[in-house]
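Student: I am new to this structure and would like a close look at a single part of it. Could you please take me through the empty space inside and its surroundings?

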Amino acid sequence: MSHAVHKDYAGAKLGMWLFLFTEILLFGGLFILYAVYLARYPQDFSSGGHQLNVVLGGTNTFLLVTSSLFAAMALTAIQQDKRLLTLRLIGGTILCAAGFMVIKYIEWSSKIHHGIYPGSASIVKGPPGESVFFSLYYLSTGIHGLHVLIGATLLGVVALRVKNGTINSTDYVILENGVLYWHLVDLVWIFIFPLYYLML
Amino acid sequence: MSTAEDGRLMAERGFWTDTGKTGIGAWIFSTDHKRIGLLYFYSVLFFFLVGVILGLLMRIELMAPGRDIMGPQTYNALFTLHGVVMIFLFIIPGIPGAFGNMVMPIQIGAPDVSFPRLNLFSWWLYAIGAVLVLTSLFTGGGAPDTGWTFYVPFSAKSATNVSLALFGVFVLGFSSILTGLNFVTTIHRLRAVGMTWSRIPLFTWSLYATAWVQILATPILGITLVLVIAERMLGTGLFDAARGGDPIMFQHLFWIYSHPAVYIMILPAMGIISDIIPVFSRKPIFGYKMIAFSSLAIAAAGSLVWGHHMFTSGMSDTAVLVFSFLTFIVAIPSAIKVFNWVSTLYRGSISLDPPMLFALAFILLFSIGGLTGLILGAPATDVHVHDTHFVVGHFHYVMFGGTGFAFFAAMHYWLPKFYGRMYRKRPAVIAWCLMFIGFNVLYMSMKVLGMRGMPRRYYDYLPEFAQLNLVATVGSWILAAGLAIMLVNLFRGLFRGEAFTGNPWGGATLEWSTTTPPPTLNFIKEPVVTHGPYDFKALADDSPDGMPGDGRNQ
Ligand code: HEM
Ligand SMILES: [Cu+2]
């Protein structure tokens, strides 16, 4: 049927943008809680924030921004019909994502090792604001980390499709949407990082 | 009807037969929006009936004071399940999922929605979410007993299987988001030539406004449910006052979604009514632009009023006043719609066919529900009736008397188009009559009981409430009898009724211009739209033989 092969690029991108709105609102719920509890416990939030490792967080920010750059370059590459370059750039993006997750793992495990996690003995006994701070920290970075995994998987699938040619220089809207999603993952981190690591 | 004619009709069963695919796989893996719409319709109807049975059981328990057929824990589980099923499995996905899918693409002259596979996926998410919710009843600590609102701290502490139910609702929310996203894109991108924004039928307009609410509000519910699950599983304490958290924050987040969600429930219903009233009054709709605009206004203003559910929760007085004021503001666009419908009726040539009767019932019942809503929106009166049966009466008037009756109107209006067969009208009218009476007996009694102080969510009550509770329960039986007659008559008609091919109601929107039942890609020839959705005069000019619209696709 003729309609089945019909492709509406503008429609596909509109759909993706709408989906990105929903993701922003999802994190929005967490940011609202952050704002309310920060106003209530400024002191505890500050002392909680100082316990986070700015170097690790900063490295992760660098990794994600770089990965976003790679992703954007992959899009240009496919537009210019450079398939191998596209694949390499997507590979670079995924590698950065993996690096991000490894650092996240190191960060989390050292915190957990020091007994800082929701419901731990020291957190329960400590000031209530700090308990709230670390719960929010784990939830925000955890849900964000989940998005990193989803985004990287998505880009992996996209890479396979670039390889077998379903995504090519005339038909690349899936890659474009994948890249849009990746930018969102990056963008959310760009908010999480200063709010938790720098500002307090 | 002769057998030969019957045979010809069978050969021309449109999307039912023209792909040549049969069997269950041709349905649950179909990307045809009409098939997905019917899948939604039957799933939603099934859960509606489940919910009705639970409601009837609760009413039997409340028939007389004391323990009648169940204990308190069972009653708690029943109202929770009844609420969850009715809200998340019937009324939110109901009209967009079933009739939106079936009708909207045809109304704008499109061959399908923008993302047909995503559409199928959203039905699957619905099915998975439904299974998860149902599984939560029989596993873990037993059926959830928190009420459909899942308020902390109880939902964080209850030993019943709340987490699974929450996760099920989370999945259902995702399904709702995908439907909304699909509809917004479809309405922007796939309108036929000549289908300008001011020619879009009002049902599609209402779906458009609804879709935005689905997209923008549902993620907040998603994160809130995740937070409660985390509260239960990881002990995050974000809503636990003893750990520095704030349970009121849960209520805020919950209602930031759940108040806009009532517009997901009511806006498509209003759209159905706006499409039906002009057809059966043989008059263009009065104030097309105002109705379309008021849908958007309701969607926008409605996202700022969630606090009216929390007047007694301990907000600041300023917040109470602001939320109350905004609540009264939302009443304005709702009233605009009611006035426009009534003005459309004025001096129309009204035919009281079943869809019209349900539409008229909608106007009355919704108005009663809406006006009692203002009693709840005014803080001074709300503190008296908050958490009483008055609230229960109010929201049944809006959700059941409003959206439920609009759903029935849509069933009687559109389903014959998709089956190519007509039901008998007399039994439908009798059923309507019974339901209308039963409904008012049932829920008006609840409102009065609430005014007198009977709280909600209790399996027992003081003896002085006995009489009206008995009346209410009898009302629920009348309602149920009407419902049964309605469904039996409708489905007998759809499967065995008289076949037809034309435009039975004389509608001027595009779905009536295509063949009956519509073909898989909706139109044999791509339609070109030359007049507005309620332009019955242009329709008559199109085809003088009394088969309006047939001549339009050339
Ligand atoms: C024959 C039909 C129905 C009957 C007999 C019925 C009856 C009831 C009863 C007795 C309650 C509990 C009152 C209490 O103790 O608090 C209730 C609650 C409720 N009903 Fe219905 N109902 C029916 C249909 C519907 C429909 C169609 C909807 C929505 C579309 C609906 C939505 C709800 C909700 C959301 C609650 C609140 C549950 C909670 O407290 O968590 N009901 N209903
Ligand atoms: Cu509300």
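**The largest cavity and its lining**

Tutor: Helix 4 of chain B contributes the most residues to the lining of the largest cavity, namely 8. The model is a predicted one, in which local features need pLDDT of at least 70 and side-chain atom pairs count only at pLDDT 80 or more, while totals for chains, interfaces and linings use all residues. Residues are numbered from 1 along each chain as its sequence is written, chains are lettered from A and ligands numbered from 1 in the order in which they are written, and side-chain values use heavy atoms, with hydrogens and water left out.

A cavity is a set of points, on a 1 Å grid over the protein atoms alone, where a 1.4 Å probe fits but cannot get out; lining residues have an atom within 4 Å of a point. Helices are DSSP runs (H or I, at least four residues), numbered from the N terminus. A volume is the space filled by probe spheres set on the points, which are joined across faces, edges and corners.

The structure contains 6 cavities of 30 Å³ or more, and the volume of the largest is about 630 Å³. Its lining comprises 32 residues, and those closest to the centre are B:Met58, B:His82, B:Phe395, B:His396 and B:Tyr443. Two or more lining residues come from each of helix 3 (33-61), helix 4, helix 14, helix 15 (425-451) and helix 16 (466-496) of chain B. By character, the lining has 22 nonpolar, 7 polar and 3 charged residues. Here Ala, Val, Leu, Ile, Met, Phe, Trp, Tyr, Cys and Pro count as nonpolar, Asp, Glu, Lys and Arg as charged, and the others, Gly among them, as polar.

Two of the central residues also bind a metal: B:His82 (NE2) and B:His396 (NE2) coordinate the iron atom of ligand 1 at 2.0 Å. Donors are N, O and S atoms within 2.8 Å of the metal (3.2 Å for Na, K and Ca); water is not among the atoms, so sites may look incomplete. B:His82 belongs to helix 4 (residues 72-107) and B:His396 to helix 14 (residues 389-419) of chain B, so the pair ties together parts that are 314 residues apart in sequence. The arrangement of the 6 donor atoms is octahedral because the angles at the iron atom run from 84 to 179°; six donors count as octahedral if opposite donors are over 155 degrees apart and all others between 65 and 115. B:His82 is buried, at 14% relative accessible area, and B:His396 is buried at 13%, where buried means under 20% (1.4 Å probe, protein chains only).

Definitions and conventions
Four donors count as tetrahedral if all angles lie between 85 and 135 degrees; four count as square planar and six as octahedral if opposite donors are over 155 degrees apart and all others between 65 and 115; anything else is irregular. Buried means under 20% relative accessible area, exposed over 50%, partly exposed in between (1.4 Å probe, protein chains only). On a 1 Å grid over the protein atoms alone, a cavity is a set of points where a 1.4 Å probe fits but cannot get out, and a pocket is an open set with protein on both sides within 12 Å along at least five of seven lines; lining residues have an atom within 4 Å of a point.
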